[in-house]
Structures are given as structure tokens and as C-alpha cells.
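Colleague: Could you walk me through this model and show how each label is earned? I would like to follow the reasoning myself.

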Amino acid sequence: YPDEDIEPITYTDIVRKLSKTKRELEQLYSSFERGQYLKTGVPAAIIGSPNSGKSTLLNALLGFERAIVTPLAGTTRDTIEERITLGGITFRLADTAGIHGTDNEVEKIGVARSRQAAADAKLSLLLLDGSRELNESDFDAMRTAQFAEKIIPIINKCDLPQIIDVAEVEKRLGTTIKISAATGRGLDLLEEAVKKSFSDTPPVQAGEVLTNIRQREAIGRALEAVNAALTAVVDGITFDAALSDAEIAMQSLAELTGRSVTEDVVNNIFSRFCVGK
């Protein structure tokens, strides 16, 4: 518009601004997983063979008796989940059934859920009974714990005479931590190990992450539209044709910031409430 006192926008300006916006949207879109961790906690699981002290460890970390503890192996047959802060990080920690071979159908379901908990976990706390020799269930538990992205091998019951082959464990999984879940000894070492294990995770401010699916979908639509606009400009399509994609991106961001609210969003919000007369 020649009659307007506006500097002409060049091809280079448009490509640079769209590229910058694309990078920022990609970074924000990728924050959804971290946002979920801030909201609900990092998924973690205590993995081990029966009677290795998993429930005792959960209770010790929580500071109260959440899980039933008995001398009988196989007391825990299902996963128990609690939020806990360890090493400055909030976890959604699951106490799982002992990993072992069994013909009992109920125990089989519990073991299967334990394996799934390890696969879903960001961190596995592998618990081994230091007062006895390694057995096949322990080796199975080691393999299961490795399903998680990170693993901390722990030798429990260090208050008892030690029989376990620590060298064999460390050959497979690296440095171990020795604790007594029953007395609380070594829990400070566990906390330091957790903190060190997540030291490579960059700190995140709550306002810089996406914390729900609606936000992620809005950013996803905006990112898709910006990609389309950038491709159109690079391919030589006229600027006004690429503008429609840019407007879609702006509309999606407006939904996220609250400047524009569609009927679908309103219906989604009010579907969560029971509105009386």
C-alpha cells in the first residue's frame, strides 16, 4: 500500500521471521512432556524380586506406611503409586509386584504390570537384597529395570550380613548404592544419586511449558500453519497467498492466549463443570 507510511517487507524479512517463529513454536511444542512432569511428576518405579524391600523403601521415602509390609514374599501384587520429591525432583513413584516366574494367574498379572511400569518409567530404582545371593528373579528384575530411560541399582538391607555378589551387579549396571530401607541408612546417598542422574535436565519455568493437551493441539496447529507459510514463500508463491497460513497460525495462538475463544473450546471447558440451576 504505497499511500501508507510502512517500510516494504522483503523476502528475506519474511523468511527470517517465519523461521524464527517456527523454532520458537517447535521448542514450545516439545515442552509438553516436561510440562506433564511438572504437573504430575516424573514417572518412576521401584523394581525388584519378591521380598527385596520395595514396599519398605516406598514407605521410608514417603515417611508413612503407604504399602503393606510383611516377611512373606509376594505381599504386593499390584502397583501402588504416590507423588514424592527426591533430589529436588517430583516423582510419580510406583511400588510394583516382585519380578519372578510363577504359575499363579493373579501373580502373573502383577508381574506384567511391574514390567509395564518399568517401560513407562523415566527412572527405575532397582532394589536387590544384599543379604542373599543373586537368583534368577534378580537377573530378571535387572533386565526389567533397564526398560526405563535411567536406572539406579540399589543394594538393600545393608544392616544385615552381606552375601550378594556386588561385583556382578556393577559389571552389568554400574555403580551401586547401599541402603537399608528398614533403618533409613543410605537414603541420603540415594537422593544424591537421583539428583546426579537428572543433572543433565535443564531447569524449566512453569510459564514456558505446555501442561495440557488443548495447549499442545493449539501450538501444533500454529506450527503446521507456519511451516506451510514458510514453504509457500520459499517456493515462490506470492506473499498474500502465504498470508492465509500465517493467519491460521495467529488464530491458533489467540486461542492459546485467550484472545480468541472458539465454541469448541467453550464447550470443552464447561463440559468439566456441573452447572446447577
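Colleague: Which residues in α8 are buried?

Modeller: This is a predicted model, and in it the buried residues of α8 include Ala 218, Ile 219, Ala 222, Leu 223, Val 226 and Leu 230. Buried means under 20% relative accessible area, so each of these residues falls below that cut-off. The cover over the buried residues of α8 includes α1 (11–29) and α9 (239–257).

Colleague: How do you know that α8 reaches close to the span expected?

Modeller: The expected span is 1.5 Å times one less than the number of residues. Helix α8 has 22 residues, for which 32 Å is expected, and from its first C-alpha to its last it reaches 31 Å. After α8 comes Gly 236, with a positive phi near 95 degrees.

Colleague: Why are β2 and β6 said to stand at the edges?

Modeller: The open sheet has the order β2-β3-β1-β4-β5-β6. β2 (80–86) and β6 (177–178) each have a single partner strand, so one side of each lacks a neighbour in the sheet.

Colleague: And what makes β1 and β4 a pair?

Modeller: Two strands pair if there are at least two bridges between them. Strands β1 (residues 42–48) and β4 (residues 123–129) are joined by 5 bridges, so they qualify, and they run parallel. One of the bridge partners is Leu 123 in β4, matched with Ala 44.

Colleague: Which helix lies across β1 and β4 at about 140 degrees to β1?

Modeller: That is α4 (residues 105–120). Helix α5 (residues 136–145) lies across β1, β4 and β5, at about 170 degrees to β4.

How values were computed. Residues are numbered from 1 along each chain as its sequence is written. This is a predicted model: local features need pLDDT of at least 70, side-chain atom pairs count only at pLDDT 80 or more; totals for chains, interfaces and linings use all residues. Side-chain values use heavy atoms; hydrogens and water are left out. Helices (H or I, at least four residues) and strands (E, at least two) are DSSP runs, numbered from the N terminus. Buried means under 20% relative accessible area, exposed over 50%, partly exposed in between (1.4 Å probe, protein chains only). Contact means heavy atoms within 4.5 Å. Axes are lines fitted to C-alpha atoms, for helices over the stretch in contact, and angles run from 0 to 180 degrees between N-to-C directions.
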